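Visitor: I would like a quick tour of this protein. Where do we start?

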Amino acid sequence: MTDALPVTPTSGAADPGARGGIDLRLRRGARPATDNPQPPTTTSHSQRIAIIGGGPGGLYAAALLKRLRPDREITLWERNAPDDTFGFGVVLSDETLGGIEHADPVVHEALRQHFTRWDDIDIVHRDTRHTSGGHGFAALGRRRLLEVLHARCRSLGVELRFRTEAPYPAWLAETYDLVIAADGVHSTTREAYAQEFRPRLTAHRCRYLWLAADFAFDAFRFEIAETEHGVMQLHGYPYSADASTVIVEMREEVWRAAGFDETEVPASVDRCAKIFTDALGGRPLRANRSAWTTFRTVVNDRWSHGNVVLLGDAAHTAHFSIGSGTKLAVEDALALAACLEERPTLAEALAAYEGERRPVVASTQRAARASLEWFENLPLYLDQPPRQFAFNLLTRSRRVTHDNLRLRDPHFTATVEREFGCPTATPPMFTPFRLRGLTLRNRVVVSPMDMYSATDGVPGDFHLVHLGARALGGAGLVMSEMVCVSAEGRITPGCAGLYTDRQAEAWQRITAFVHSRAPGTALGIQLGHSGRKGSTQLMWEGIDEPLKEGNWPLVAASPIAYGPGSQTPRELTHTQLATIRSQFAAAARRATAADFDLLELHCAHGYLLSGFLSPLTNLRTDAYGGPLTARLRFPLEVFDAVREVWPEERPMTVRISATDWAEGGTTAEDAVAIARAFVAHGADAIDVSTGQVVTGERPEYGRSYQTPFADRIRQEAGVPVIAVGAISSWDDVNSLILAGRTDLCALARPHLYDPNWTLHAAAEQGYEGPGVVWPAPYRAGARRPRTGRTDAPKPRLSLGS
């Protein structure tokens, strides 16, 4: 959960966010006197090393590098005094401690003697305390950590220069073989080489104050206070037998409404103690150069330039709610030291260091971003059932999941499942879900996936096998690909349609197979029109590339080409809009006759209806363009036309792109408004995807990266949602559903890899019940087959060399 807390910037001359600091009087080009300037070496075994910043990362790097090569000359600059520290407790994971023990047993043993350990997490909300156990934390005071590292550095012969500004990095880079910038979130080294490192700093929406209490919590504690000004939260944990770290956090607007923006820190500390008096047992809080601040996420395109390399918060930050600041810095130091030993040149070593650490850091930052956004949006979850709220908080970063929480604390997890409505011994994903007159036996959806394998819009044997196999594979709902409502509305010549009776008959063959051979599986159809993204080659021939011949004219909300080589569409006239509405309605009638169980309207991914919704693709000046309410007009007209002819008892869903991932495009706030509008017109659920609207998008890819948009729509619009986007494990499906972030999970690529994904998920969880049924011919395969011999005799003795 939490490993460390970022340094809190303070007012005054000392800025702990810029550990070590830099003497800015030494400008680029200035050369202070030096008796022995040395050019950088070409080997990675750098002999003269300068380290800027005396935080844990810089100190540990110094100790490791000196221990590995005692003949190195290592100098560390720290602008503050050795006994200055600006935080309180530091929490380190067992994984990080294992790395420290392996690399430097002396440091590990010194730290081990001072650890406070505990297992529980307490979540207090609306006067109810829920405890989850089995988590395992180890913490110690930040000052004690620094003392241990100071002593280790001195014993090894590292030169520590406290109360001293570091020389300008250009001079250090010419004088030393290697310069390690461990100067924190406000790194002046990073700023000095901003053109090379290309940093991006993102400020977030909450203010927080880092404090301490002179008693030890008996667990990691999260406490929620609903005040007259808004929601505030406390994060607290023990770091010694008689002290705890306490962080008070709230949204910026709450902070201002409460008057903290006009309150001096001592008075703020007293007010916070009163707000959280129950958590503190009436005890006071204390500060240590504390100040209200906002967290900033730091990302750099590069971590090294020449012989200057970034480490720790100078290179990256991760929100304190998963507490990875010190953890990441220490692991950076370990990796950097190892790479310098393993690689023949400095350039190769620094490249290897970044190559090793960047994926780990990116994963941590994604988890941290999910966590901080959860707390930013905390008011959305306050009305959840109490234990579900607690489960949601525990799994907010996606690092803790349903499965490992079940292992850590089976009683707590079982209680959450029972209150959610899971039948006995039933994982959340296999609980039924009802939409109108349709009851899905489980929460798994085979996401719509274009197959580009139809002839003249007619689905053939391939579609029968493709959709039939996935229906037999156990999913509660299997969705067709986007089925086009006209020949001109196809994406490619291989796209399926529903604009002729012949096509409807071919679809009916498929629905009949699913309903007869996979009873209990629902089959849904997604209706759409390609808009400006049509008349292109098959995906594997050239995705989004225009046909080499046989192109058909395109239409769209506005005459804007999708890509540089794309055809420019014609802006739809009012007469053409009426025609397309009729085409959608006609396709819906055929879908009814073909016996589909659910119909989805495709308003995402830059296709025709999506093109009306996005301000980047809809530049119309008539009643169908301008503000969101006008951009919604045509998609809602189409929805109404379809809903009118679609049977009342059968549900309708709408797929939307909740963000365009591009400046000036659809926002998360817009997405909530769009969802509300469709629900008001009769939509039963919103299928929440993102992007693919403009070519210049910058998606933030990662595990289940689109689910926060679905979550927000579910909480704010109060509508069932289908979450999509890099959901690949049954553990994630269980976690998202039980936390109340989604109602259904749609998976695409996992079902391409394994048509029986849902059946296998049941087998791997040991589930047998009505939520998933093995087809009779497949029952013999309900157990995972053995993959090799496992009964070979084990060696009785291992001989050392």
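Guide: We start with a single threonine. This is a predicted model. Thr431 has 2% relative accessibility, which means it counts as buried.

Visitor: Is Thr431 buried or exposed, and why?
Guide: The cut-off for buried is under 20% relative accessible area. Thr431 has 2% relative accessibility, so Thr431 counts as buried.

Visitor: Where in the chain does Thr431 lie?
Guide: Look at α15, residues 410–420, and then at β17, residues 433–435. Thr431 lies in the loop between α15 and β17.

Visitor: Which residues is Thr431 in contact with, leaving aside neighbours within four places in sequence?
Guide: Gly421 sits 10 residues from Thr431 along the chain, and their C-alpha atoms are 7.7 Å apart. Gly421 is on the contact list. The full list is Phe420, Gly421, Cys422, Pro423, Thr426, Arg441, Asn442 and Arg443.

Visitor: Which residue has its backbone oxygen 2.7 Å from a polar atom of the Thr431 side chain?
Guide: The Thr431 side chain offers a polar atom. At 2.7 Å from that atom lies the backbone oxygen of Pro428.

Visitor: Now the helices. How are α23 and α24 set relative to each other?
Guide: α23 covers residues 668–680, and α24 covers residues 707–717. Their axes come within 9 Å and cross at roughly 55°. α23 and α24 are therefore oblique.

Visitor: Which residues of α24 make the contact?
Guide: From α23 come Ala668, Glu669, Ala671, Val672, Ala675 and Arg676. From α24 come Phe709, Arg712, Ile713, Glu716 and Ala717.

Visitor: Which residues does the UniProt annotation "domain: FAD-binding" cover?
Guide: The annotation comes from an unreviewed UniProt entry. The span is 36% helix and 32% strand. The annotation covers residues 177–365.

Note on methods. Residues numbered from 1 in each chain as written. Predicted model: local features only at pLDDT ≥ 70, side-chain atom pairs only at ≥ 80, totals over all residues. Heavy atoms only, no water. UniProt positions renumbered as here; feature names shortened; annotations may be inferred. Helix = DSSP H or I, 4+ residues; strand = E, 2+ residues; numbered from the N terminus. Buried < 20%, exposed > 50% of the residue type's maximum accessible area, 1.4 Å probe, protein only. Contact = heavy atoms within 4.5 Å. Polar contact = N/O pair within 3.5 Å; in protein donor to acceptor, adjacent residues only side chain to side chain. Axes fitted to C-alpha atoms, helices over the stretch in contact; angles between N-to-C directions. Parallel < 35°, antiparallel > 145°, perpendicular 65-115°, else oblique.
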